[in-house]
Amino acid sequence: MLRRWGHARRCQRRARHCSNSVIANYLEACAVLEPDQPGNTPMIAVDLELTGLDHRKDRIIAIGWTLIDEGKIRFGSNRQVLISTGQSVGPSAEIHEMLDSELAGGERIEQGLEALFRAGTGRLWLFHHARLDLASLRAAVHAWTGTKPGFIVLDTLDIEKRQRLRRNVPPRQGQLQLGRLRSEYRLPPYPGHNALNDAIATAELALAMAARAQSGGALDLRRYRRYF
Amino acid sequence: MHDVSLATGFLQGFPPFDALSPGELEALARGLSAAYYARDTFILASRPPPGLAIIRKGAVRLVDENQSFLDKRSEGGLFGHQIHFHGSESEYRAEAAEDSLIWHLSQEDFERVLADNATFAAYFENLPRFRVRAALDPPGRATQILELIHRDPVTLQAARSIREAARLMSEERVSSVLIMRGDELKGIVTDKDLRDRVLAAGLDPSETVERVMTRDPETLACSGDVDQALLAMIRGNFRHLPVMDGHDRVTGLVTAGDLLRAQSEHPLRMVSDIHKQGSLDALIRLSDRLPSLFIRLLGMGRNVEQTERLVTHITDAFTARLIQLGQQQLGPAPMPFAWVALGSQAREEQAPGSDQDNGLILAREPNHHESEYFSQLADFVCGGLDQLGYHYCPGEVMAMNARWRVSLRDWMRHFDGWIEEGDPKSVMFCGIFFDMRCVHGDAQLVDTLLDHAVGRARDHQIFRRFMATNIARHRPPIGFFRQFVQEDDGSHSEGLNLKHRGMVPITELARIRALESGITAPNTFARLRLAAELGGIAEADADSLRDALTLINRVRLSHQAEQLAAGDPPGHFVPIESLSPLMRRNLKAAFLLVVHAQSALSLRYQVR
Amino acid sequence: MTYIVVGLSFALYIGIAVWSRASSTGEFYVAGAGVHPVANGMATAADWMSAASFISMAGLIAFLGYDASVYLMGWTGGYVLLALLLAPYLRKFGKFTVPEFIGDRFYSKGARLVAVICLIVASVTYVIGQMRGVGVAFGRFLEVPFEIGVYVGMGIVFIYAVLGGMKGITYTQIAQYCVLIFAYTVPAIFISLNLTGHFLPQVGLGSTMADGSGVALLEKLDQVVTDLGFAAFTAQKWPTINIFLLTLSLMIGTAGLPHVIIRFFTVPKVADARASAGWALVFIAVLYTTAPAVGAMARLNLMSTIQTGPVGEETANIEVAQVPRWMEHWRTTGLLDWKDKNGDGRIQYYDEGGMGGKADTFGWQGNEMTKVDRDIMVLANPEIAKLPNWVIALVAAGGLAAALSTAAGLLLAISSAISHDLIKGMIAPGISEKRELLASRISMAAAIILAGYLGLNPPGFAAQVVALAFGLAASSIFPALMMGIFNKRMNREGAIAGMLVGLFSTLIYIFWFKGWFFIPDTAMAKDSVDHWLMGISPEAFGAVGAGLNFTVAYIVSRATAPPPDEIQHLVEDIRIPRSAGSPERH
């Protein structure tokens, strides 16, 4: 309760001081957002591809997202923005199956962020393993506008971990990976290491979790949402 | 960049979406939304028209207003549109039979695609007409040859000139003419004959037609069906076959084009037909179509993965329908159960003509009566499958064997026993039973069992070592000096044993890698992909094995298609001589990849 | 002759391997027939017999006498300990490699790393002993100097190990056991018949001489050696504590040796595994009970070859010009040598210290057998006893087989530990299989070169080097295994600290007396009873190291957080006997 209130105040304050209209709008919407049921909460599932695991050093090279409205993923809203970093992607290119040349044709990070935050205004943000992506996003927006945005977040990895701990079966190494969890929820395997595919994969996983939970009472977002 | 390749990639494999252009398909995909439904939850009702729904994963049950069962559809299946059940259109409700991921296209978007693409629309329009015919015909009967004949045969007396024959063909707009003497069929002249034997040979067109005709052509009996015609054409490489009535008189002509039109139904149509049949006999009649269907599948040049998946889908459909029929006879089951496919059927890698491998998982320990019920059900289904051409498993790995028809707890005990005592028999059983997939019933039971068993195997290094020892013995047919090693296939000729020494090793490698990473998926490609994702195997190694499997499989299937066309039973032995030098080189490379993967495995488990 | 017999025996192994490999690709459903426990027991016994057991142990007994029986007791005890105490629990835990067990049980990559290091150190030390055995066998067999024998051996071992050997296939192992035991017992029987008239060497050892003197064999041996100033064969030369600790080290060290552990898990059925272990003990005992007789009789034969009559008589020593052929053969290997110091044309073999002034009165000017390597005793034994050539060849084949198979098993474990546990598991997880294989080959070659080098500059005789390996395993790995199984409170911090303390204390103690990294001349103290700490030899220090390991681990684990509940439950589950669910019973 207190956290929510504090978060809302912080968002409002930052919105007032933010010169960038997209981020200001986003923050204002974020302040009044109160997610409770998955079915009536608009969400945005996001995944980032980074050059590495350190948000202070590494850059975003791709952002993928898709929107969920009324419990349904809208394929028409799928977006993937490739970011041109202006420097070589280096060793991680292999993982992300993106060549430097492909990225050279990408957009500037500001354009990507603007599109993302426009799409994500008034939505609950959905990640699989939110921490790293959020830190990168926050750093990137700070570098762009001077404001650190707040987020209300649902993290499928976190949900699963907590559910398992509650059932007293602590997850073992690797069990919480996106692909593994999806197969447990009987979702089809998707080619990974692609921001958009991972975003859609996360969105579907979240819907699956919500649907499974419904047989034993709805997935209460109030329990799992996180404020950042 | 609005990327919907995930959706288009899936849809383009299935009719009617294969009729759409890439642009149309992408537009359709953009209109899709995805939702997830837990088992037994309501999805949609057919009225008001809800648009089109596509099952991306899982299965959906269609029921009428009284909750009685109409149909069940699985991955790739469609619903939401008007469906005719038993010949008449009726309203229905769709419920998730398993946890399902459903893609939905709004009615508005659906109608737009219907209006834009006639072939796509025809698929949906075609359905009612097809149903009507199905209702008139005895169920499952293949199209008869007589139904293919649209007109009286075009004939000419043998003494007439070539020019007259050509003129007649041109007037009648046909590509062949039957040459008669009196009422007796003497030969046949086709477009190709006029070209090859007259024009190219510089023959005078005023010569008699008798000189250029093909004498005593192969004929068909009018009592036969399409499949016989297809077989005859494939065997003799004919494009025109005269049809004779019971008194040896010509009644018509069937061309390859006629057959093509009659056969243009997608093989998946078979699946929906299966669900329409109301008795075992009807299913058996339907199964007569299997051989020609398989020939067609093999000959279609589809990719191997798809072909095997289609074959598996058909087996699944037969099994599921038999279970339903069995339950109609025996009454509803006394407890939840799951009928599982095992081995290649579970992996969705079934080859045409495979034996059956299956089992039955019961939710709890059955009492005497319940035990009796499932025994009868299993006998009915396994016996039915045998009659349908899926012969009894020589190792008795079938639900009709009481050992493989036990409660979930006993199944767990089975697995525990095998894992703790990995004798050759246990390892062999595990090779079959870790490849498990729910075909009908409560998928949750299968999930629980596999989670347990795979978890145990993942933690039990010693058991996996026994598996690795076994794998090391299925060596690719590559000798010490990297030469091919041919084997006697037991009857007459030598060849490369592509199944036992090519595909089996890869399947086994994928299985053990999957167990190391705790993956429960049975499909080899999926296992490799997931293992690579989870870091159990390097991405490059997973790709190598995948490519090797695809290549070996392709060689095997094309060889089998040739054998079938030649009228021989399909086998797994491919003589080296039948392969082109390039193909030999590729095949050798594929085998070497397998050898490498095996050596790495042997090193990991210190097996020699 | 030798070539033919050695060649034939190897052709037999290869033939069996090829035959069983070819027939195993048969029909799917035929599989299921198991191997009989007796056969499996033989195979296990063949695995167990290393060059140390086969070549070196009897030699040690010949020269150390009574004290060397600790090797017998230690190794037999170790086998029993492993079979009864550890193997059943490891099986329940489902792990057959020590790093895998330690890594999982102590939920830590660090613990796994330490275990890998301990394993590699112990295994490489063990390989040194095998390389020595191979060198001795090849040296004699090819009649070349010992060094060349080792070089040849290194090459052969590498090829044998890389090609995957013929091991692992039970029938090959059975054939190997038959050759081994035949090669060992046949000469022993002949010699026993010669000396005592008894057919069984074990009985012969305890009976009287057949020369009609009515003197017991051991008594006669004692008399012969003491006359020449050597310590009596049956005398105890080491402090009792050393004997006790050496036995203990050898026993508990067995558990840490990877190629032995793995053999317990090649039998799928638990009941069969138990029966096989029992049979293996019987088959091992056949060799082990023969060893003392072989040692004693070989010594007696050797002594009486050189000292043909009563000590002191002028004609009682063998003439240099008339030394038997076998002595000439062994002289080429450099493992046996003599020099006529007093120029009397005869050879005197005696202990200078023990004889004292008496030697001068005979006109002897020092021991003239300048080199008698103990590792040659078993191989030379049939020649000394003037047995036919084919028996000699058989023994050479047996020695080679024992050394090669053990070395190959160890090298596989070493290369697997390096390429899988170390490189793929920790350094480069994304490494492709091709590179993993390459890494394994390189580490195999490196281990062979290292072991070969140390085999040429040996810190002891084969059996003693092997004893060092046992000591290292005993001090580092055994305690971690025991505590992992029997103490659910043991945590990762304790295990790591314990293993490190055990390993390094033992290593340092060994290096102190044997030279740093076994480099001669770097030893800090002379390797003899007087300098040893409390009379404990480096070979025996493993047990002390294990004690330190236990203590440190216990203290550290109490001072740090307990392991996660999951692990504690697991440990409890494993110890409580659970009915091995046998679905066959329906």
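How many residues of strand S18 (residues 337–342) of chain B are buried? In this predicted model, six of its six residues are, so the strand is mostly covered given that buried means under 20% relative accessible area. Both faces of S18(B) take part: B:Phe337, B:Trp339 and B:Ala341 point one way, while B:Ala338, B:Val340 and B:Leu342 point the other way, and all are buried.

S18(B) also has partners to either hand of the chain. With strand S19 (residues 358–362) of chain B, S18(B) runs antiparallel and shares five bridges; here B:Trp339 sits opposite B:Leu360. Strand S21 (residues 436–441) of chain B is likewise antiparallel to S18(B) and joined to it by five bridges, with B:Arg437 as the bridge partner of B:Ala341.

Elsewhere in chain B, four strands make up an open, antiparallel sheet, ordered S2-S9-S4-S5. Strand S2 (42–45) and strand S5 (69–74) are the edges, each pairing on one side only. On average, neighbouring strands of this sheet are turned by 20° against each other, ignoring direction. Within the sheet, strand S4 (residues 59–63) pairs with S5(B) over five bridges in the antiparallel sense, and B:Val63 has B:Phe69 of S5(B) as its bridge partner.

Over in chain A, A:Arg182 lies in helix H8 (residues 178–184). Despite its charged side chain, A:Arg182 counts as buried because its relative accessibility is 3%. Its side chain makes a polar contact of 2.9 Å with that of A:Glu204. Setting aside neighbours within four places in sequence, A:Arg182 also touches A:Leu187, A:Pro188, A:Tyr190, A:Ile200, A:Ala201 and A:Leu205, with A:Glu204 again on the list.

How values were computed: Residues are numbered from 1 along each chain as its sequence is written. Chains are lettered from A and ligands numbered from 1 in the order in which they are written. This is a predicted model: local features need pLDDT of at least 70, side-chain atom pairs count only at pLDDT 80 or more; totals for chains, interfaces and linings use all residues. Side-chain values use heavy atoms; hydrogens and water are left out. Helices (H or I, at least four residues) and strands (E, at least two) are DSSP runs, numbered from the N terminus. Buried means under 20% relative accessible area, exposed over 50%, partly exposed in between (1.4 Å probe, protein chains only). A polar contact is a pair of N or O atoms within 3.5 Å; within protein, one must be able to donate a hydrogen and the other to accept it, and residues adjacent in sequence count only if both atoms are side-chain atoms. Contact means heavy atoms within 4.5 Å. Two strands pair if DSSP finds at least two bridges between them. Axes are lines fitted to C-alpha atoms, for helices over the stretch in contact, and angles run from 0 to 180 degrees between N-to-C directions.
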